[in-house]
Amino acid sequence: MAYPQLLQPLALRSLAARNRLWLPPMCMYSVTAEDGVVTDWHVVHYGSRAQGGFGTIIVEASAVTPEGRLSPNDLGLWDDAQVAGHRRIVEAIHAGGALAGVQLGHGGRKAGTPPWRPAVEGARSGTLPGWNLVAPSAAAYPEHATPRALTTTEIADTVQAFADAARRAVAAGYDVIELHGAHGYLIHQFLSPLSNTRTDAYGGSAEGRRRFALETAQAVREAIGEEKVLDIRLSATDWAEGGLTGDDTAELARQLVAVGVDVLHVSTGGNVPAKVPVGPGYQVPFAGQVKHAVAGMTTPGGGQPQVVAVGLIDSGLQAEQILVAGLADAVATGRGALRDPYLPVRWAHELGVNDWQAAHLPVQYWRGAWR
Ligand SMILES: Cc1cc2nc3c(=O)[nH]c(=O)nc-3n(C[C@H](O)[C@H](O)[C@H](O)COP(=O)(O)O)c2cc1C
């Protein structure tokens with residue numbers, strides 16, 4: 001039997017992921033020491049998902065500066081002292097047979113909120129007192145403190161902070177470096193006319209608003225060298241009048257590929273409160289649009305740009321259909337993997353794969369496989 005596309009390897013520069021299923025970045029808010037350093041929780045959590053059969057695992061948003069953390073309990077990569085912990089995660093992921101990636105982030109005007117863990121801390125509730133919020137423009141996200149607009153010198157420093165964090169990610173052994181350009185965080189804040197009202201070179205037009213994202217991608221590509229995979233997560237649409245659209249994102253995607261981005265991880269929303277038509281695969285058409293836009297392009301690394309679809313993709317059949325229809329090269333599934341680390345094995349089984357080796361069920365667990 002020919003294996004489903006979901007189980008086909010995914011070529012990423014000189015690397016190959018064993019299948020086309022990604023674990024998307026999901027903050028665990030578990031750094032109780034508030035120093036950005038990896039804990040045992042992270043090592044076990046990510047190692048388990050690698051043992052569970054994911055092909056590529058993207059570790060949660062890790063901040064490039066302390067004030068860029070989304071909460072005090074986020075991971076960081078702003079300090080060399082944080083590299084050793086990330087190396088432990090990478091080793092656990094590699095031991096499970098997956099490629100290891102990390103998302104580099106800066107929350108901008110949405111930074112500095114308490115964690116959100118249902119029934120533990122309760123709902124998120126705005127900016128913590130004393131947190132230094134920065135953003136493209138001095139416009140607050142609802143129920144958050146008003147940020148200070150970054151100066152052009154500070155913008156250059158922030159680009160450098162992304163590049164330095166990326167260098168640390170490489171030192172930790174990550175294969176994939178993902179920039180967080182989605183969900184209303186700093187890069188997205190620059191891209192969207194709804195959060196960027198600057199009139200200097202970093203605003204004023206689509207070209208100006210894209211400058212920070214493109215400079216960051218370029219600086220990070222230079223920092224990580226030719227071997228590593230550069231990925232960016234984008235919110236394809238703001239779902240709001242006057243905001244970013246799929247067409248804007250399709251054009252941006254082409255520009256990002258031209259400066260060295262290999263993978264476009266297509267999400268939506270988060271920059272302004274909006275009515276989002278949440279439903280099965282509701283973001284997939286945007287992945288399809290981006291894939292269409294970059295089709296035929298060659299990355300400077302010599303490969304094809306790859307597109308990852310995400311958002312309520314909740315079954316093996318649904319994932320396979322997205323790949324077969326050519327809407328994406330890989331799919332990511334997040335909350336399902338919080339419920340079940342072995343979701344990839346389950347999906348392979350659902351698609352008719354009863355060969356546990358092909359499904360990447362650890363041999364130690366074969367005695368417990370479905371009967
Ligand atoms: C607990 C949790 C934490 C998340 N943290 C991040 C994050 O750090 N970076 C990010 O880009 N998206 C984050 N997300 C969004 C997920 O990566 C994903 O896009 C979203 O959950 C939709 O996919 P799903 O329907 O498969 O869960 C988070 C989602 C959850 C549930």
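Two strands count as paired if DSSP finds at least two bridges between them. The model used in these exercises is predicted.

**Exercise 1. Place strand S9 among its neighbours.**
Find which strands pair with S9, and in what sense.

*Solution.*
Step 1. Take strand S6 (residues 99-105). S6 and S9 are joined by four bridges, in the parallel sense.
Step 2. Take S10. Six bridges join S10 to S9, and these two strands also run parallel.
Step 3. Follow one residue, Glu 178 in S9. Gln 103 stands opposite Glu 178. In S10, the bridge partner of Glu 178 is Asp 231.

**Exercise 2. Is strand S9 (residues 176-181) enclosed or open?**

*Solution.*
Step 1. Recall the pattern. In a regular strand, side chains alternate between the two faces of the sheet.
Step 2. Check one side of S9. Val 176, Glu 178 and His 180 are buried there.
Step 3. Check the other side. Ile 177, Leu 179 and Gly 181 are buried too, and both faces of S9 are covered.
Step 4. Conclude. Six of the six residues are buried, so S9 is largely enclosed by the rest of the structure.

**Exercise 3. Classify the ring pair Phe 190 and Tyr 202, and say what the pair ties together.**

*Solution.*
Step 1. A search of the whole structure gives five aromatic pairs. Phe 190 and Tyr 202 form an aromatic pair, with 6.5 Å centre to centre and 70° between the planes.
Step 2. Apply the cut-off. Planes over 60 degrees apart count as edge-to-face, and this pair is edge-to-face.
Step 3. Locate the rings. Phe 190 lies in helix H4 (residues 186-191), and Tyr 202 in the loop between H4 and helix H5 (206-224), so the pair ties together parts 12 residues apart in sequence.
Step 4. Check burial. Phe 190 is buried at 0% relative accessibility. Tyr 202 is buried at 10%.
Step 5. Widen the view. Ring pairs link Phe 190 and Tyr 202 with Phe 162 and Phe 212 into a cluster.

**Exercise 4. Do the same for Trp 239 and Phe 286.**

*Solution.*
Step 1. The ring centres of Trp 239 and Phe 286 are 5.4 Å apart and the planes lie at 85°, so this pair is edge-to-face.
Step 2. Trp 239 sits in the loop between strand S10 (229-235) and helix H6 (246-258), and Phe 286 in helix H7 (residues 284-294). The pair links distant parts of the chain, 47 residues apart.
Step 3. Trp 239 is partly exposed, at 22% relative accessibility. Phe 286 is buried, at 15%.

**Exercise 5. Over which rings does Lys 110 lie?**

*Solution.*
Step 1. Lys 110 lies over the face of Tyr 141, 4.8 Å from the ring centre.
Step 2. Lys 110 also lies over the face of Tyr 185, at 4.8 Å from that ring centre.

Key: Residues numbered from 1 in each chain as written. Predicted model: local features only at pLDDT ≥ 70, side-chain atom pairs only at ≥ 80, totals over all residues. Heavy atoms only, no water. Phe/Tyr/Trp six-rings, centres within 6.5 Å; stacked < 30°, edge-to-face > 60°. Buried < 20%, exposed > 50% of the residue type's maximum accessible area, 1.4 Å probe, protein only. Lys NZ or Arg CZ within 6 Å of the ring centre and 35° of its normal.
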